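User: I would like to learn how to read disulfides, cores and pockets from a set of coordinates. Could we begin with the cysteines?

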Amino acid sequence: MKQVAMVGLLMGVMGVGAGCKGKGQDKPTAAGAGSSATEGSPTGSNAGAAGGSAAKAGSAAEQGGSAALGGSAVAAGSAAPVAVGTVDAGPTPADPVAVAQCQRIIDKSRLAIAATLAKHEINIPDFEKNYAERSQFGELCSKLDEPKRSCLEAAAQPMAAIGSCNVNGGAAPDVIVQAPYVSYDAPVAPLADGEGAKLLAGLVGTWRHEFAGVVSTWAIAADGKVNINEVARDGTAKTLEYALSFDAAGQVKVRTTPSSTQTYAYFRLDNKTVLLGNNLAYRINPVANLKKFTLKTQSEWIVVDGNACEVITDRGLTTPGTCAWGKAGAVKTFKASWDSGRTMQSTGKAITETIDYQLLAGHVVDQRLVNIGTFKKQ
């Protein structure tokens with residue numbers, strides 16, 4: 001009897017192994033409760049009887065049943081049904097008709113913007129080639145309803161019609177359609193040989209700077225080394241060592257640590273005054289004709305023609321502006337403002353952009369650069 005029981009046990013073990021590789025894996029429903037009801041022991045206590053149904057009992061265990069080795073009919077019969085998995089087919093392919101229409105919208109917008117830039121003599125290298133190159137406009141546009149796409153295509157300047165065509169009505173924040181950017185930072189002109197050394201020689205001496213209650217003096221040597229003494233409003237003092245070098249027009253490299261160098265805007269007003277500012281967004285624009293000129297801001301262009309003023313945004317769209325000359329003491333000033341196209345989240349009120357300038361040495365200079373970067377020679 002012991003031998004018979006042992007043989008039955010071995011057959012049960014072999015049966016489980018066969019169940020792991022049997023057809024039950026391909027047919028999970030056949031390997032479930034069906035085999036235990038017809039072939040398994042009602043009590044699960046006769047291991048030898050598993051020899052005939054071990055393959056099915058083993059399959060039940062493979063599919064999540066709790067049958068012990070040798071197969072309990074009750075446990076095999078209680079195996080949970082197996083959910084049939086679904087395969088992610090990936091994103092739905094874009095409608096080729098929509099894609100083609102959105103490309104026409106992009107092409108029409110590019111031509112309109114190119115005409116605007118040419119009208120105001122604004123040169124953006126490779127604009128025609130790069131417009132919308134890294135933008136999500138085409139992808140998001142192709143997902144719009146046909147009436148919205150057709151509304152954009154019909155507009156003289158499609159990107160300006162995003163609002164009037166209600167393109168983003170009800171859209172989630174991550175699928176908001178926006179016009180591609182066109183603004184860029186123009187490459188700076190390198191200095192001629194020896195010019196950098198001349199600029200550096202003109203700075204030799206001690207210069208005083210004051211901003212936000214901190215007074216600092218820069219002692220600049222002929223080799224560009226700078227010893228700085230800085231005194232805070234509370235009297236706390238510290239010393240720093242910088243180094244200056246020139247290699248591009250309107251800029252100076254300021255080495256603040258042995259491994260860190262920043263680029264500052266640089267503008268020499270006269271023998272006693274220079275502007276040095278570490279925010280290159282605060283622009284210095286040469287102006288020959290005060291009645292007709294174009295200013296480059298951080299992101300926009302402000303176009304002045306007599307009393308008229310308009311702004312070309314960083315997306316190439318034209319919006320009305322308000323510009324006016326004024327005076328602050330003996331200094332001529334210029335103020336420009338325009339609707340930014342954004343609104344306050346809390347109130348929905350339109351946000352107005354405003355920039356103040358000073359006319360200094362034939363240049364319209366951002367007031368913020370004057371505030372933070374004026375150095376006076378001692």
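Analyst: Let us begin with one pair, bearing in mind that this is a predicted model: C309 and C323 are both buried. These two cysteines form a disulfide, with their sulfur atoms 1.9 Å apart, and the pair links distant parts of the chain, with C309 in strand β11 (residues 308–312) and C323 in strand β12, 14 residues apart.

User: How many disulfides does a search of the whole structure find, and what is the pairing when the bonded cysteines are numbered in sequence order?

Analyst: A disulfide is a covalent bond between the sulfur atoms of two cysteines. The search finds 3 of them here, and the pairing in sequence order is 1-2, 3-4, 5-6.

User: Which parts does the pair of C102 and C141 tie together?

Analyst: C102 lies in helix α5 and C141 in helix α7, so the disulfide ties together parts that are 39 residues apart in sequence. The S to S distance is 2.0 Å, and the link is left-handed, with -90 degrees about the S-S bond. C102 counts as buried because its relative accessibility is 1%, under the 20% limit, and C141 is likewise buried, at 0%.

User: Is C151 buried or partly exposed, and what of its partner C165?

Analyst: C151 is partly exposed, with a relative accessible area of 31%, whereas C165 is buried, at 9%. Their sulfur atoms are 2.0 Å apart, and this link is also left-handed, with -80 degrees about the S-S bond.

User: How should I read the largest nonpolar core, and which members touch the most others?

Analyst: In soluble globular proteins, nonpolar side chains tend to be buried together. The largest core here has 29 residues, of which F127, Y131, F137, L152, M159 and I162 touch the most other members. Helix α5 gives the largest share, 6 residues. Leaving aside neighbours within four places in sequence, M159 is in contact with residues including I105, I106, Y131, F137 and L317.

User: Where is the centre of the largest pocket, in terms of the residues that lie nearest to it?

Analyst: A pocket can be read through its volume, its lining and the classes of the lining residues. The largest pocket has a volume of about 1,100 Å³, and of its 35 lining residues R283, I284, N285, P286 and K296 lie nearest the centre. Strand β9 supplies the largest share of this lining, 5 residues, and by class the lining has 20 nonpolar, 8 polar and 7 charged residues.

Note on methods
Residues are numbered from 1 along each chain as its sequence is written. This is a predicted model: local features need pLDDT of at least 70, side-chain atom pairs count only at pLDDT 80 or more; totals for chains, interfaces and linings use all residues. Side-chain values use heavy atoms; hydrogens and water are left out. A nonpolar core is a set of buried Ala, Val, Leu, Ile, Met, Phe, Trp, Tyr and Cys residues joined through side-chain atoms within 4.5 Å. Buried means under 20% relative accessible area, exposed over 50%, partly exposed in between (1.4 Å probe, protein chains only). Helices (H or I, at least four residues) and strands (E, at least two) are DSSP runs, numbered from the N terminus. Contact means heavy atoms within 4.5 Å. On a 1 Å grid over the protein atoms alone, a cavity is a set of points where a 1.4 Å probe fits but cannot get out, and a pocket is an open set with protein on both sides within 12 Å along at least five of seven lines; lining residues have an atom within 4 Å of a point. Grid points are joined across faces, edges and corners, and a volume is the space filled by probe spheres set on the points. Ala, Val, Leu, Ile, Met, Phe, Trp, Tyr, Cys and Pro count as nonpolar, Asp, Glu, Lys and Arg as charged, and the others, Gly among them, as polar. A disulfide is a pair of cysteine sulfur atoms within 2.5 Å.
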